[in-house]
Number of protein chains: 2
Amino acid sequence: MKFEAVTIKDIAKALGLSTSTVSRALRDSYEISEDTKKLVKEYAASINYRPNPIALSLKEKRSRSIGVVVCEIANSFFSQIINGIESIAYDQGYNVTISQSHESFEREVLDVSHMASRSIDGLLISVSAETKNFEHLQKLHAQGLPIVFFDRIVPDIETHKVTTDNAAGAHAATRHLLENGYRRIAHLGAAEYMTITQERLRGYKNALAEKQIPFDTSLVKHCTHGGMLEKEVQAALDALLALPEKPDAILAAADKLTTNCLRYLQKNGIKVPDDIALAGFSNSDLTELLHPPLTVVKQPAFEIGRSATEMLLQLIEARRPVTEFAHTVLPAELVIRESSLKK
Amino acid sequence: MKFEAVTIKDIAKALGLSTSTVSRALRDSYEISEDTKKLVKEYAASINYRPNPIALSLKEKRSRSIGVVVCEIANSFFSQIINGIESIAYDQGYNVTISQSHESFEREVLDVSHMASRSIDGLLISVSAETKNFEHLQKLHAQGLPIVFFDRIVPDIETHKVTTDNAAGAHAATRHLLENGYRRIAHLGAAEYMTITQERLRGYKNALAEKQIPFDTSLVKHCTHGGMLEKEVQAALDALLALPEKPDAILAAADKLTTNCLRYLQKNGIKVPDDIALAGFSNSDLTELLHPPLTVVKQPAFEIGRSATEMLLQLIEARRPVTEFAHTVLPAELVIRESSLKK
DNA sequence: ATGAAAGCGCTAACAA
DNA sequence: TTGTTAGCGCTTTCAT
């Protein structure tokens with residue numbers, strides 16, 4: 001489709017027809033005779049004609065492509081989500097353009113503006129860990145760009161949202177730890193202001209409350225970069241382990257947090273679960289092979305991707321402005337393994 | 001950029017100028033007076049004007065976007081490559097569109113044709129494990145679409161290529177196993193016809209030859225889907241372990257192969273490295289946390305992505321047809337851990 | 001049943 | 001210095 005790019009005009013010239021006749025013939029218009037249709041179609045096929053999608057986009061004012069912004073592709077949770085997104089988008093003839101924020105607000109703003117100016121028809125986004133200001137999204141949304149939030153949502157913007165039942169996931173994991181005899185459970189969370197962080201913390205607190213365990217602020221640490229930086233996890237754990245009354249278990253509330261937590265413990269020769277138990281959110285398919293096999297809260301990533309995409313396409317293809325928005329909450333799954341077993 | 005989409009025409013009308021003057025003013029043309037430029041620019045900024053990239057693409061006959069086809073995003077090796085690709089492309093103002101073949105030939109052909117018809121300016125591709133027929137790529141290449149192959153390359157198509165020194169990587173790992181006293185080293189490879197499979201097998205053979213260990217065909221197994229399917233790995237290992245003389249070590253020649261191999265061994269209660277040693281290609285950042293920590297051949301994924309993208313952009317932006325092609329071979333790194341230590 | 005022409009947003013050759 | 005116009009590839013009235 002590069003150098004010689006066949007156009008409708010070429011076909012018209014070769015066949016001694018007008019471009020409009022060719023166009024109509026190709027689209028099977030009723031006003032074109034069967035003979036002409038056949039002639040045009042066969043010739044088009046023979047020279048491998050492909051309509052130029054850019055010209056089409058210009059005309060139709062839509063690009064049939066959707067943008068996806070996530071913090072990291074190299075994170076199982078997000079790559080699984082992307083698989084879900086693709087599975088739907090592709091079938092519907094939509095292209096998927098992916099951008100990573102690497103948890104940087106600045107980068108996210110750039111990504112989003114780049115995408116918007118690239119004429120995407122809609123946006124799927126899970127905001128970066130640094131994002132506290134949502135103007136860039138608010139503006140686009142106000143301008144009419146269909147947006148669906150997933151995972152890390154923006155509560156203030158009225159549109160479809162898809163999340164995991166984070167509170168329930170954290171709750172189940174915490175209760176599980178409690179039931180296994182752990183009492184001083186530390187909570188390692190991502191950036192404080194993120195919705196997912198708050199929800200997971202809430203689930204943790206509720207589980208404690210149910211067992212009448214007092215909530216101890218000193219057991220809660222936050223890593224602003226969601227565990228991306230090994231040293232922030234290190235700092236948090238250093239602090240936790242320096243506590244007069246050390247925790248006997250850790251609930252890590254994000255993928256990187258969980259694995260980097262394990263990394264820290266291994267490096268420091270701390271046995272899991274003997275010295276300290278560990279459970280955490282993770283979607284990696286290697287968690288069962290870790291040392292020890294990790295108890296994880298697994299999110300329905302593929303489903304999140306599918307669901308968000310379905311919603312977005314619905315928004316994009318809506319005839320009239322949509323005013324009713326759904327917030328789909330999908331269940332998390334607690335997978336119990338050795339890292340959190342009985343004291 | 002949706003509903004109200006400001007165009008140059010709007011600006012022209014509002015300011016009582018012609019569209020061409022506006023266009024030139026925005027692009028800082030020397031033929032426009034400073035006053036007019038200022039006027040236009042300020043007004044454009046005030047109403048948040050953004051040039052329509054689709055119209056630009058149509059005119060310039062380029063989309064400033066490149067296509068990437070890999071088998072799986074959820075594979076660390078490829079997600080790291082994509083990070084490398086993005087790091088370059090983004091800076092140069094190129095968009096990256098990613099597609100996954102999921103190791104299916106059919107899907108790859110679809111992906112590629114979809115991308116080509118989407119008017120990408122160039123293609124970065126690592127072919128699927130099923131791909132033995134390269135017509136779909138050959139055709140595009142012949143038509144003038146710039147293509148750069150990485151990792152799983154197509155030798156017959158003359159263009160830039162970037163790979164890891166697969167033979168050297170496999171060689172180093174095999175030698176390491178030999179030096180640690182292992183003598184019956186099995187080789188678990190991906191699809192036989194793939195270049196990477198052959199190269200890695202070659203490195204393995206050479207290392208054996210250097211130590212005068214006879215090459216034993218029965219110790220070599222291939223998994224056509226590159227380890228994606230757990231059961232193909234299972235079948236291969238079942239066969240290996242049923243051998244009259246069992247292997248005492250395994251060299252797995254692909255990411256999924258390595259981890260699924262470990263999965264199999266763990267499931268079957270086979271101790272690593274006591275019962276059997278394991279080393280393999282992997283780029284996961286969790287390999288050091290596995291049970292046991294895995295000895296891996298790590299590919300310079302980020303660099304592969306960078307390098308391939310630089311080459312592609314060079315091809316895209318070349319003034320004259322490029323006739324000299326480079327094949328960049330980057331070194332792999334052997335990371336020695338417990339899974340392959342002394343017998 | 002087919003063709004001519006306008007227009008999507010933008011740039012650039014040509015005029016003025 | 002600014003305006004007019006044509007054209008990128010395609011669809012779609014409006015003529016014929």
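At what angle do the axes of H2(A) and helix H3 of chain A cross? They cross at roughly 85° and come within 9 Å of each other. This is a predicted model, and the briefing below walks through that helix pair, the relation between chains A and B, and the surfaces near DNA strands C and D.

**Helix packing in chain A**
- Because the axes of H2(A) and H3 (residues 34-46) cross at roughly 85°, and angles of 65 to 115 degrees count as roughly perpendicular, H2(A) is roughly perpendicular to H3(A).
- On the H2(A) side, the contact is made by A:Thr21, A:Val22, A:Ala25 and A:Leu26, while H3(A) brings A:Thr36, A:Lys37, A:Val40, A:Lys41 and A:Ala44.
- Sorted by class, this contact has five nonpolar, two polar and two charged residues.

**How the two chains are related**
- Chain B superposes on chain A, with an RMSD of 0.1 Å, after a rotation of 180° and 0.0 Å of shift along the axis; that is the relation of a two-fold axis.
- B:Leu290 is the residue of chain B that comes closest to the rotation axis, with its C-alpha at 2.0 Å.
- The copies meet through the same surface, because 98% of the interface residues of chain B are also interface residues in chain A.

**DNA strand C**
- There are 28 residues around DNA strand C, and the ones that come nearest are A:Thr21, A:Arg24, A:Lys59, B:Ile8 and B:Tyr49.
- Sugar or phosphate makes up 61% of the strand C atoms within 4 Å of the protein, and bases make up the rest.
- A base nitrogen of strand C lies 3.1 Å from a polar side-chain atom of A:Ser20.
- Phosphate oxygens of strand C are approached by a polar side-chain atom of A:Lys61 at 2.8 Å and by a backbone N or O atom of B:Asn52 at 3.0 Å.
- Helices H2 (19-26) and H4 (53-60) of chain A, with H1 (8-15), H2 (19-26) and H4 (53-60) of chain B, each supply at least two residues of this surface.
- The surface residues comprise nine nonpolar, ten polar and nine charged.

**DNA strand D**
- Among the 27 residues around DNA strand D, A:Tyr49, B:Ser20, B:Thr21, B:Arg24 and B:Lys59 come nearest.
- Of the strand D atoms that come within 4 Å of the protein, 60% are sugar and phosphate.
- Polar backbone atoms of B:Ser18 and B:Ser33 lie 3.1 Å and 3.0 Å, respectively, from a phosphate oxygen of strand D.
- An N or O atom in the side chain of B:Thr21 is 2.5 Å from a phosphate oxygen of strand D.
- Two or more residues of this surface come from each of H1 (8-15), H2 and H4 of chain A, and H2 and H4 of chain B.
- By class, the surface near strand D has eight nonpolar, ten polar and nine charged residues.

Note on methods
Residues are numbered from 1 along each chain as its sequence is written. Chains are lettered from A and ligands numbered from 1 in the order in which they are written. This is a predicted model: local features need pLDDT of at least 70, side-chain atom pairs count only at pLDDT 80 or more; totals for chains, interfaces and linings use all residues. Side-chain values use heavy atoms; hydrogens and water are left out. A residue is near a molecule or strand if one of its heavy atoms lies within 4 Å of it. A polar contact is a pair of N or O atoms within 3.5 Å; within protein, one must be able to donate a hydrogen and the other to accept it, and residues adjacent in sequence count only if both atoms are side-chain atoms. Helices (H or I, at least four residues) and strands (E, at least two) are DSSP runs, numbered from the N terminus. Ala, Val, Leu, Ile, Met, Phe, Trp, Tyr, Cys and Pro count as nonpolar, Asp, Glu, Lys and Arg as charged, and the others, Gly among them, as polar. Axes are lines fitted to C-alpha atoms, for helices over the stretch in contact, and angles run from 0 to 180 degrees between N-to-C directions. Angles under 35 degrees count as roughly parallel, over 145 as roughly antiparallel, 65 to 115 as roughly perpendicular and the rest as oblique. Contact means heavy atoms within 4.5 Å. Copies are superposed by least squares on the C-alpha atoms of residues with pLDDT of at least 70 in both.
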